[in-house]
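I opened this notebook to keep track of what I looked up in one structure. The entries follow the order of my looking.

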Amino acid sequence: MKVLILGGTRFLGRALVEEALKREHEITLFNRGTNIETFPDMEQLIGNRDSDVSQLENRKWDVVMDTCGFAPHQIKKIAAVLGDNIEHYTYISSISVYKDWIPPNITEDYHLQSMLPDNKLKDVEEGEISPYEYYGALKVLCEAEAEKHWPGHVLHIRAGQLVGPFDYTDRLPYWVQRVAQGEKVLVPGRPDRPVQLIDVKDVATWVFDMAENRKIGTFNVTGPDDELTMEELLNACNAVTNGDAEFVWADEQFILDHNIQPWTEMPLWIPEHFPLEGETEPWEGASFISVEKAVNAGLSFRPLKDTIQDVYQWEKTRQDSERKTGISREREKELLETWFQKEKKETL
């Protein structure tokens, strides 16, 4: 196929390109050109979908894979130049499109986030507001915009937490690196708390399987297909890194009382028993997103240890200053001391 990939090649884009190369597709990249050296021999069109997409004019591709559509005006600009010159459009959306993650087993027909007011949408379009401020709501609008221009030709990927080498969110990398360092590791919640994540390579493999067969529709894409607990994840990190880390499971109330932020300072954790700021109910379904539809369409998952091994090898090439997620070792030690003092008092 002739494949156009919209967006950078740092993480998901890199995995898509590598999968396309394995399948011997003809690839064109369109992005701002900040990472050209990753695939120097590939056709790379330089532009900015907020302003100049003229490089895409008068070109035809079988398949377009859009990894960086954050606002509907960006989809509209691409559609204006591509029009009917493509057969299939894969849009990388997000499970953040759902209005909340309160109930377990959220399927693709669950309620979506509310529409943005026109003035906010205009502010995003004009660059006055970052699209990340309204990330989920904008993804909802992007899905609708893609369907408007290519009805019956769009594959919507509502992605969960993508993991693997080059994962600049640092959420799984934090735990792999921390476990490799050994000693006592502070972990929020209960050991059998579920967690969901998916190797970016599995996403790329399945997306190309679907695109090659011109499959369309909307799919939650995270994993695995059976329940993975936080304890299982951390034990796998210990096994892969030959670590001797000892996990200290602190209850959610303690973590929140000490102002540790879910998901950022404690990656892969959203409280099960306490609502997030601005919410009225806990998001118990955050790690219970249903992937049954995608699995039935062929989505499969590589062994967790393979993913962790890949991340661990990548972690060895990085500097501490590059990591931006998780608490510091100093802060962790303070919290561990406080936790042990609390436990000691409770046993007296």
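**Entry 1: the sheet**

I began with the strands, bearing in mind that the model is predicted. I found an open sheet of 7 strands with parallel pairing, in the order β3-β2-β1-β4-β5-β6-β10. Next I asked which strands stand at the edges. They are β3 (43-46) and β10 (217-221); each has a single partner strand, so one side of each has no neighbour in the sheet. I also looked up the twist: neighbouring strands of this sheet are turned by 20 degrees against each other on average, with direction ignored.

**Entry 2: pairs within the sheet**

I went through some of the pairings. Strand β5 (residues 86-94) and strand β6 (residues 154-159) are joined in the parallel sense over 6 bridges. Within that pair I noted Y91, whose bridge partner in β6 is H156.

I then moved to β2 and its two partners. β1 and β2 pair in the parallel sense over 5 bridges, and I5 stands opposite L29 in β2. I followed the chain from β1 through α1 to β2 and noted that this β-α-β crossover is right-handed. With β3, β2 shares 4 bridges, and the two run parallel. On that side N31 stands opposite I46 in β3.

Is β2 mostly covered or mostly open? I recorded it as mostly covered, with 5 of its 6 residues buried.

**Entry 3: helices on the sheet**

I turned to the helices that touch these strands. Helix α2 (residues 72-82) lies across β1, β4 and β5, and runs at about 170 degrees to β5.

For α1 I wanted to know how many of its residues are buried. The count is 8 of 11, so α1 is largely enclosed by the rest of the structure. The buried ones are L12, G13, R14, A15, L16, V17, E19 and A20. I checked what they pack against: β1, β2, β4, β5, β7 (162-163) and α6 (200-212). After α1 comes E24, and I noted its positive phi, near 65 degrees.

**Entry 4: the nonpolar cores**

Which residues touch the most other members of the largest nonpolar core? That core has 35 residues, and the answer is W175 and L233. I listed the elements that each supply at least two residues of this core: α5 (171-181), β8 (184-188), α7 (230-241), β11 (246-250), α8 (252-257), α10 (304-315) and α11 (329-347). Of these, α7 gives the most, with 6 residues.

I looked more closely at W175. Leaving out residues up to four places away in sequence, W175 touches V185, L186, V187, P188, M230, L234, M266, P267 and L268.

I also found a second, separate core, made of 32 residues, which includes A15, F39, M65 and A204. A15 had already appeared in my list of buried residues in α1.

**Entry 5: the record**

Last, I consulted UniProt. An unreviewed entry there places the feature "domain: NAD-dependent epimerase/dehydratase" at residues 3-221. I looked up that span in the model: residues 3-221 are 32% helix and 22% strand, and the end C-alpha atoms lie 21 Å apart.

How values were computed. Residues are numbered from 1 along each chain as its sequence is written. This is a predicted model: local features need pLDDT of at least 70, side-chain atom pairs count only at pLDDT 80 or more; totals for chains, interfaces and linings use all residues. Side-chain values use heavy atoms; hydrogens and water are left out. Two strands pair if DSSP finds at least two bridges between them. Axes are lines fitted to C-alpha atoms, for helices over the stretch in contact, and angles run from 0 to 180 degrees between N-to-C directions. Contact means heavy atoms within 4.5 Å. Buried means under 20% relative accessible area, exposed over 50%, partly exposed in between (1.4 Å probe, protein chains only). A crossover is right-handed if, with the strands pointing away from the viewer, the path from the first strand over the helix to the second runs clockwise. UniProt positions are given in the numbering used here, feature names are shortened, and annotations may be inferred rather than shown by experiment. A nonpolar core is a set of buried Ala, Val, Leu, Ile, Met, Phe, Trp, Tyr and Cys residues joined through side-chain atoms within 4.5 Å.
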